[in-house]
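Hi,

Here is the structure I promised to pass on. Have a look at it first, and then read on for what turned up when I went through it.

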Amino acid sequence: MADKTGADKTGANDIRADKKLSGVETLKRESRGLRGRLAEELAEGGIQVSEDAYNLLKFHGSYEQFDRDTATVRKQARLEKQYQFMVRVRMPGGVTTAAQYLALDALADRFANGSLRITTRQGIQFHGILKGDLKASIAAINHGLLTTISACGDVVRNLMTTPAPRRDARHARVLADVQALAQALLPRSRAYYQIFLDEEPVAGASEDEPLYGPTYLPRKFKIGIALPDDNSADVLSNDIGVIAHFDAAGQLEGYTIALGGGLGMTHNNARTFPRLATPVCFVPPDRLIAICEAVIRLQRDHGDRGDRRRARLKYVVEDRGIAWIAETLAGYYGAPLIPPRPLPALDVPELLGWHEQGDGLLWLGVPVPSGRIVDAGSGAMAGAGAVRLRSALRDIVTRFAADPVFTAQQDVLLSNIRPADVAAIDAVLAAHGVVPASAMTPFARFALACPALPTCGLALTEAERIQPQFVAMFERLLARHSLSGERISLRTTGCPNGCARSYAGDIGLVGRVPGYYAIYVGGDFNGTRLSFRLLDRVAVAGLEARFDALFAAFARDRQGTEGFGDFCNRLGRDALLGLTGDGNSQAA
């Protein structure tokens with residue numbers, strides 16, 4: 001039980017003693033504040049780390065991976081896998097300065113595979129870092145005034161909000177909120193600074209974790225803040241979704257707090273499922289940090305520490321019910337909860353192309369397919385063509401001091417540009433072969449994909465590398481049915497964990513086994529309704545015929561201006577299977 005201050009009365013922050021804990025829980029408790037033997041293992045040489053170090057590294061912003069393209073051949077040759085590390089940069093709201101971006105760009109060649117990858121949580125990832133360079137790469141990121149701490153692991157991860165650099169009170173406030181929360185919710189342990197930045201321990205210094213406790217959270221924890229007219233962050237897909245309410249004069253009235261979002265699941269395990277957050281309460285402007293800390297304590301004490309597949313807050317909300325959540329949360333919050341306001345209509349605006357900021361300057365939204373900032377013919381995209389996006393961005397940021405903002409759509413907004421520089425910047429992009437947003441279909445602009453193969457150890461099949469093929473197929477079908485101007489979102493993932501939010505858009509393609517995908521439809525473009533599984537296992541070659549039939553029916557039978565997801569939701573699964581001819585198919 002927790003008292004009204006949120007203090008834990010069991011003294012342990014653990015789930016009930018009669019429940020067997022997962023091995024990760026024991027590791028966290030015995031890790032000496034997330035230290036373990038990380039420092040020693042990084043100094044020992046070799047190309048990989050132990051399983052314990054693998055799990056602790058996540059808290060410091062890194063995952064050990066290996067090249068899955070070469071793994072089988074190397075195994076047959078009795079060679080070790082080509083181990084490497086992903087390092088993720090934490091940047092609340094996706095905001096960086098020109099200097100910070102240029103520092104990151106330099107690290108892509110110095111330590112990584114020549115690319116930077118924008119994540120679907122507004123961060124940056126590096127791939128291909130060797131163990132011997134891991135400490136130096138993380139230190140270099142910090143020297144550029146950024147960090148990797150809490151970018152992964154069982155803590156609050158990178159906080160998201162609208163990326164639009166509009167210079168008004170509303171956007172300034174939600175960005176300030178994200179930055180304040182990001183600072184308030186950091187772990188207290190100094191392990192990160194001592195392991196990677198050579199900070200000397202201070203004798204007698206307390207590293208107690210009053211918020212997280214000695215075993216931190218049962219699982220990762222995500223927070224997003226949205227304005228009703230900009231749900232770019234897919235706010236309801238977060239553990240805590242915060243919707244800011246402003247009056248007509250632009251004054252902040254408070255926040256609706258929605259709980260229990262999360263999109264990961266496990267194939268063939270009905271106890272796991274995607275879920276959108278449910279509005280639980282409303283808080284005034286000065287209580288945002290307090291309510292978020294209260295929710296974190298609730299999850300800390302009641303989340304499942306025995307089964308990591310059911311350890312997210314969404315399962316506590318689903319299993320216990322909203323009434324229990326509200327009653328229990330009030331105890332941690334220390335005051336009765338105000339009922340939530342009606343959820344306003346949410347929208348996803350177009351942020352690509354040229355836009356006025358409101359302060360006399362402009363921003364340019366540059367599309368980045370699957371978030372991969374790279375020069376074609378080098379690094380992760382060898383042989384992909386003539387687009388030199390990374391060089392173009394480096395040139396623009398260097399010459400025009402543009403400050404990049406990364407979006408949850410995996411694109412970049414170059415902010416603080418003078419009107420006099422527009423033509424020159426357009427010329428730089430054209431000279432580097434970068435396709436402007438105005439030359440892309442809406443479908444291509446709103447397509448997401450996770451990295452999947454060859455780096456992700458969880459991937460069951462391709463996502464990022466096959467995404468261009470999928471986009472071209474869908475564009476061809478949409479043109480055939482005179483639907484090229486439709487805003488339809490595609491999210492492709494190589495596994496069911498939902499990193500590209502594959503269950504919250506119009507169309508989700510979810511990796512099933514190599515070369516096969518589950519098809520999800522019926523969500524909505526604005527992120528307020530989950531999709532449903534239409535077909536469970538469809539070969540890549542079988543996708544086109546299914547969507548040809550669906551788009552033909554959509555073009556013929558849609559009502560008014562309803563979107564594709566709304567159309568599929570209205571017809572329902574059985575009617576859609578009739579259209580695709582899969583009513584009695586094993587694929588269903």
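A quick term before anything else: a residue is called buried when its relative accessible area is under 20%, and exposed when that area is over 50%. Both Y212 and Y216 fall in the buried class. Please keep in mind as you read that this is a predicted model.

Let me stay with those two tyrosines, since they lead into the aromatics. The structure holds 18 aromatic pairs. In the one made by Y212 and Y216, the ring centres are 5.9 Å apart and the planes meet at 35°, so this pair counts as tilted. F474 and F547 make another pair, this one edge-to-face, with 4.8 Å from centre to centre and 75° between the planes. F474 belongs to helix 15 (residues 467–480) and F547 to helix 16 (residues 540–557), so their pairing ties together parts that are 73 residues apart in sequence. F474 is buried, at a relative accessible area of 0%, and F547 is buried with a value of 0% too. Both rings also belong to one aromatic cluster, made up of F443, F474, F547, F551, F554, F564 and F567.

Next, the sheet I'd look at. Which strands form it, and in what order? Four strands make an open sheet, ordered 5-6-7-8, with mixed pairing. Strand 5 (223–226) and strand 8 (278–283) are at the edges with a single partner strand each, which means that one side of each has no neighbour in the sheet. From one strand to the next, the twist averages 25°.

In the middle of that order, strand 6 (residues 240–246) and strand 7 (residues 252–259) run antiparallel and share seven bridges. Two of the bridge partners across them are I240 with L259 and A244 with Y255. The hairpin of these strands has five residues between them, and G250 there takes a positive phi near 85°. Strand 7 also pairs with strand 8, again in the antiparallel sense, over five bridges. Y255 appears here as well, with V283 as its bridge partner in strand 8.

How much of strand 7 is buried? Seven of its eight residues are, so to speak, under cover. Helix 7 (residues 169–184) lies across strand 5, strand 6 and strand 7, and runs at about 170° to strand 5.

L259, from the end of strand 7, takes us to the packing. The largest nonpolar core has 97 residues, and F126, I257 and L259 touch the most other members. Helix 9 (residues 288–302) gives the most to this core, contributing seven residues. Apart from it there is another core, of 33 residues, which includes M440, F470, Y517 and L535. Leaving aside residues up to four places away in sequence, L259 touches I240, A277, V280, V295 and L329, among others.

One last residue to click on is R512, in strand 16 (residues 507–513). Is R512 buried or exposed? Its relative accessibility is 6%, so R512 counts as buried. Its side chain makes a polar contact of 3.0 Å with the side chain of D536. Beyond four places away in sequence, the residues R512 touches include H267, N268, L460, Y517 and R537. Y517 is also one of the members of the 33-residue core.

Have fun with it!

How values were computed: Residues are numbered from 1 along each chain as its sequence is written. This is a predicted model: local features need pLDDT of at least 70, side-chain atom pairs count only at pLDDT 80 or more; totals for chains, interfaces and linings use all residues. Side-chain values use heavy atoms; hydrogens and water are left out. Buried means under 20% relative accessible area, exposed over 50%, partly exposed in between (1.4 Å probe, protein chains only). A polar contact is a pair of N or O atoms within 3.5 Å; within protein, one must be able to donate a hydrogen and the other to accept it, and residues adjacent in sequence count only if both atoms are side-chain atoms. Contact means heavy atoms within 4.5 Å. A nonpolar core is a set of buried Ala, Val, Leu, Ile, Met, Phe, Trp, Tyr and Cys residues joined through side-chain atoms within 4.5 Å. Two strands pair if DSSP finds at least two bridges between them. Axes are lines fitted to C-alpha atoms, for helices over the stretch in contact, and angles run from 0 to 180 degrees between N-to-C directions. Rings of Phe, Tyr and Trp (its six-membered ring) pair if their centres lie within 6.5 Å; planes under 30 degrees apart count as stacked, over 60 as edge-to-face and the rest as tilted.
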